[in-house]
Amino acid sequence: MRPARIITAVVFAAAIAVTGCAAHSTAVNPPVTPVVDAPAPPAPGPAPKPIPLPVPAPKAPVLADGRYDAYIQQVNTRGDYLVVDLVQVFQSQAAIDAAIADGLPRDQAQVLYVWVRNQNPRLRTLAMASDLRLDLLPGDCIESRNHQFAKLIKDSRAISNSRPAYYFTLTVAGGAVHRIQEDKTFNAC
């Protein structure tokens with residue numbers, strides 16, 4: 001039995017020597033073969049539930065329902081919108097007082113019956129209602145809607161003493177202009 005033990009001990013010692021050398025050589029000399037890719041990721045789970053987007057609040061109208069005095073800066077040629085600059089309109093003695101407060105000499109202000117003050121340059125784009133009514137000052141014989149829009153555009157650009165010659169009172173309902181009434185910013189006489 002002794003020879004079997006000796007053979008077992010020698011085989012065991014050889015195995016330890018070989019394993020130790022292999023482990024030592026691997027640590028000192030890294031393998032030349034490429035490293036195997038990482039294992040595949042696990043199978044995807046159920047898709048996450050989408051987060052609902054917030055529902056936008058209804059767009060507020062540019063102007064609340066009511067009447068507004070304004071200079072018209074632009075009229076869309078298709079007749080579906082206009083760009084306005086809101087103003088303050090003073091009449092009679094209030095016009096004289098406002099003109100003097102705005103720097104107009106008293107002798108020039110005394111003859112005024114209307115004074116238009118524009119302190120805020122903010123422009124607003126307003127839709128024009130399909131039933132828009134134009135009440136323009138008398139001028140040429142105006143019959144068709146196209147001619148009325150042409151006069152509105154012309155008058156909105158007219159200048160008197162370096163100021164717009166006309167202001168317009170807009171009637172707004174449901175976010176759209178339903179009526180445009182024209183008036184002069186200067187004395188007729």
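Trainee: Which residues does Val 84 touch, not counting residues up to four places away in sequence?

Mentor: This is a predicted model. In it, Val 84 touches Ala 70, Tyr 71, Ile 72 and Gln 73. Val 84 also touches Arg 122, Leu 123, Arg 124, Leu 126 and Leu 170.

Trainee: Which residues touch the most other members of the largest nonpolar core?

Mentor: That core has 23 residues. Ile 72, Val 84, Leu 152, Leu 170 and Ile 180 touch the most other members. Several elements give two or more residues to this core. They are strands S1 (66-75), S2 (81-86), S5 (123-135), S8 (166-173) and S9, together with helix H4 (145-157). Apart from this core lies another, of eight residues. Among them are Ala 98, Ala 109, Leu 112 and Trp 115.

Trainee: Now the whole chain. How many helices and strands does it have?

Mentor: Count the elements, then read their order. The protein chain has four helices and nine strands. Along the sequence the pattern is α-β-β-β-α-α-β-β-α-β-β-β-β. Of the 189 residues, 28% are buried.

Trainee: What share of the contacts join residues at least 24 apart?

Mentor: Take contacts between residues at least 6 apart in sequence. Of these, 59% join residues at least 24 apart.

Trainee: What is the accessible surface of the protein chain?

Mentor: It comes to about 13,600 Å². Carbon and sulfur atoms account for 61% of that surface.

Trainee: How do I read a helix such as H4? What does it reach from its first C-alpha to its last?

Mentor: Compare its reach with the expected span. H4 has 13 residues and reaches 19 Å. That is close to the 18 Å expected at 1.5 Å a residue.

Trainee: Which residues of H4 are buried, and what covers them?

Mentor: Phe 149, Lys 151, Leu 152, Ile 153, Asp 155 and Ser 156 are buried in H4. Their cover includes S1, S5, S8 and S9.

Trainee: Let us take single residues. Is Tyr 166 buried or exposed?

Mentor: Look at the relative accessibility, then apply the cut-off. Buried means under 20%. Tyr 166 is at 15%, so Tyr 166 counts as buried. This residue is found in strand S8.

Trainee: Which residues does Tyr 166 touch, leaving out those up to four places away in sequence?

Mentor: Tyr 166 touches Tyr 71, Leu 137, Asp 155 and Ala 158. Glu 182, Asp 183, Lys 184 and Thr 185 are touched too. Take Tyr 71 as an example of sequence against space. Tyr 166 and Tyr 71 are 95 residues apart in sequence, but 7.3 Å apart C-alpha to C-alpha.

Trainee: And Arg 179? Why is it called partly exposed?

Mentor: Partly exposed lies between 20% and 50%. Arg 179 has a relative accessible area of 23%, so Arg 179 is partly exposed. Its place is in strand S9 (residues 176-184). The C-alpha atoms of Arg 179 and Leu 134 are separated by 5.9 Å, though these residues are 45 apart along the chain.

Trainee: Where does the side chain of Arg 179 make polar contacts?

Mentor: One is with the side chain of Gln 181, at 3.4 Å. Another is with the side chain of Asp 135, at 2.5 Å. Asp 135 lies in strand S5. The Asp 135 side chain also makes a polar contact with the side chain of Arg 133, at 3.1 Å.

Trainee: Beyond neighbours within four places in sequence, what is Asp 135 in contact with?

Mentor: Asp 135 is in contact with Arg 179, Ile 180, Gln 181 and Glu 182.

Notes. Residues numbered from 1 in each chain as written. Predicted model: local features only at pLDDT ≥ 70, side-chain atom pairs only at ≥ 80, totals over all residues. Heavy atoms only, no water. Buried < 20%, exposed > 50% of the residue type's maximum accessible area, 1.4 Å probe, protein only. Polar contact = N/O pair within 3.5 Å; in protein donor to acceptor, adjacent residues only side chain to side chain. Core = buried A, V, L, I, M, F, W, Y, C linked by side-chain atoms within 4.5 Å. Contact = heavy atoms within 4.5 Å. Expected span 1.5 Å × (residues − 1). Areas by Shrake-Rupley, 256 points an atom, 1.4 Å probe, with all protein chains shown as cover.
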